[in-house]
Amino acid sequence: AELPDFISSLQASELTSALALEFLILTASRSGEVLGARWDEVDIEKAVWTVPAHRMKARREHRVPLSSRALEILTRLDETRLSEFVFPGTRTGSGQSNMTLTKLLRRMGRSETVHGMRSAFRDWAGDQTSFSREVAEAALAHSIGNATEQAYRRSDALEKRRELLTAWGNFLFIDASTNVVPLKTREEI
């Protein structure tokens, strides 16, 4: 429930690390995935960020649908692109440090962890929407089901995840005093 206000405070910052943290929250991604993001992984026209298998915890490629705000962040950074990294570090040829986002949270007087933002997304998806568990878990790049189910389930539900992450983005940018998230009916899913 505090995330919409927190996002507003992030947007008040001019720091690239604040943009990285906002992007992380919008995409429900891990910090290493975001901080290591490279421009050749991003397809702005299709609004998809494809994280290669070697950078994923589960060692499987993960396509991330990008909300309009995530695309705004990428467009802003593309205008001043400094390297192959979307969120460049201070050293040439590297992304930002893994500690960058934690340090940002501490400077903002926050006690939450960066990984806790993924947990907040999962709680919101499970408690405030009617999206299926499978779609929410797929958005987090978690493996679901046993080996047999995984062998038969070959789609990554990209468009359903796009709807989920769009709803998440809408939640993050609503008037925090109302904190209302429109739920989808089963027929709409």
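The following exercises, each with a worked solution, concern a predicted model of a protein.

**Exercise 1. Overall composition**

Determine how many helices and strands the protein has, and in which order the elements run.

Solution.
Step 1. The protein contains 9 helices and 3 strands.
Step 2. Read from the N terminus, the elements follow the pattern α-α-α-β-β-β-α-α-α-α-α-α.
Step 3. Of the 189 residues in the protein, 46% are buried.
Step 4. Among contacts between residues at least 6 apart in sequence, 64% join residues at least 24 apart.

**Exercise 2. Helix H2 and the nonpolar core**

Establish whether helix H2 is mostly covered or uncovered, and find which residues have the most contacts inside the largest nonpolar core.

Solution.
Step 1. Helix H2 spans residues 16-27, and its 12 residues reach 16 Å from the first C-alpha to the last, close to the 16 Å expected at 1.5 Å a residue.
Step 2. H2 is mostly covered, with 11 of its 12 residues buried. Among these buried residues are Ser17, Leu21, Glu22, Phe23 and Ile25.
Step 3. The largest nonpolar core comprises 51 residues, and Leu21 and Ile25 have the most contacts inside it. H2 supplies the largest share of this core, namely 8 residues.
Step 4. Leaving aside residues up to four places away in sequence, leucine 21 touches Phe6, Leu10, Leu101, Leu104, Leu105 and Val114.
Step 5. Just after H2, alanine 28 adopts a positive phi of about 55 degrees.

**Exercise 3. The sheet**

State the order of the strands in the open sheet, and explain why E1 and E3 each have one side without a neighbour in the sheet.

Solution.
Step 1. The open sheet consists of 3 strands in the order E1-E2-E3, and their pairing is antiparallel.
Step 2. E1 and strand E3 (62-65) stand at the edges and have a single partner strand each, so one side of each is left without a neighbour in the sheet.
Step 3. The pairing of E1 with E2 is antiparallel and rests on 2 bridges. Valine 42 has tryptophan 49 in E2 as its bridge partner.
Step 4. The hairpin of E1 and E2 has 4 residues between the strands, and alanine 47 in this hairpin takes a positive phi near 55 degrees.
Step 5. Strand E2 (residues 48-51) is joined to E3 by 4 bridges, and the two run antiparallel. In E3, tryptophan 49 has valine 64 as its bridge partner, while threonine 50 is partnered by arginine 63.
Step 6. Helix H9 (residues 158-172) packs on the sheet and touches E2 and E3. The direction of H9 makes about 45 degrees with that of E3.
Step 7. Tryptophan 49 of E2 is thus a bridge partner of valine 42 and also of valine 64 in E3.

**Exercise 4. Two loop residues, Gln96 and Arg38**

Classify glutamine 96 as buried or exposed, then give the class of arginine 38 and list the residues touched by each.

Solution.
Step 1. Glutamine 96 is found in the loop between helix H4 (68-79) and helix H5 (100-107).
Step 2. Glutamine 96 counts as buried because its relative accessibility is 12%, and buried means under 20%.
Step 3. Residues up to four places away in sequence are not counted here; glutamine 96 touches Thr16, Ser17, Leu35, Phe87, Pro88 and Gly89. Ser17, one of these contacts, is a buried residue of H2.
Step 4. Arginine 38 belongs to the loop between helix H3 (31-35) and strand E1 (42-43). Its relative accessibility is 24%, and arginine 38 therefore counts as partly exposed.
Step 5. With residues up to four places away in sequence again left out, arginine 38 touches Arg55, Glu84, Phe85 and Val86. Its side chain makes a polar contact of 3.5 Å with the side chain of glutamate 84.
Step 6. Arginine 38 and proline 88 are separated by 50 residues in sequence and by 9.1 Å in space, C-alpha to C-alpha.

**Exercise 5. Threonine 129**

Locate threonine 129, decide whether it is buried or exposed, and identify which backbone oxygen its side chain reaches.

Solution.
Step 1. Threonine 129 occupies the loop between helix H6 (116-128) and helix H7 (133-139).
Step 2. Since its relative accessibility is 13%, threonine 129 counts as buried.
Step 3. The side chain of threonine 129 reaches the backbone oxygen of alanine 125 at 2.6 Å.
Step 4. A polar atom of the threonine 129 side chain also lies 3.3 Å from the backbone nitrogen of phenylalanine 131.

Terms used
Residues are numbered from 1 along each chain as its sequence is written. This is a predicted model: local features need pLDDT of at least 70, side-chain atom pairs count only at pLDDT 80 or more; totals for chains, interfaces and linings use all residues. Side-chain values use heavy atoms; hydrogens and water are left out. The expected span of a helix is 1.5 Å times one less than its number of residues. Buried means under 20% relative accessible area, exposed over 50%, partly exposed in between (1.4 Å probe, protein chains only). A nonpolar core is a set of buried Ala, Val, Leu, Ile, Met, Phe, Trp, Tyr and Cys residues joined through side-chain atoms within 4.5 Å. Contact means heavy atoms within 4.5 Å. A polar contact is a pair of N or O atoms within 3.5 Å; within protein, one must be able to donate a hydrogen and the other to accept it, and residues adjacent in sequence count only if both atoms are side-chain atoms. Two strands pair if DSSP finds at least two bridges between them. Axes are lines fitted to C-alpha atoms, for helices over the stretch in contact, and angles run from 0 to 180 degrees between N-to-C directions.
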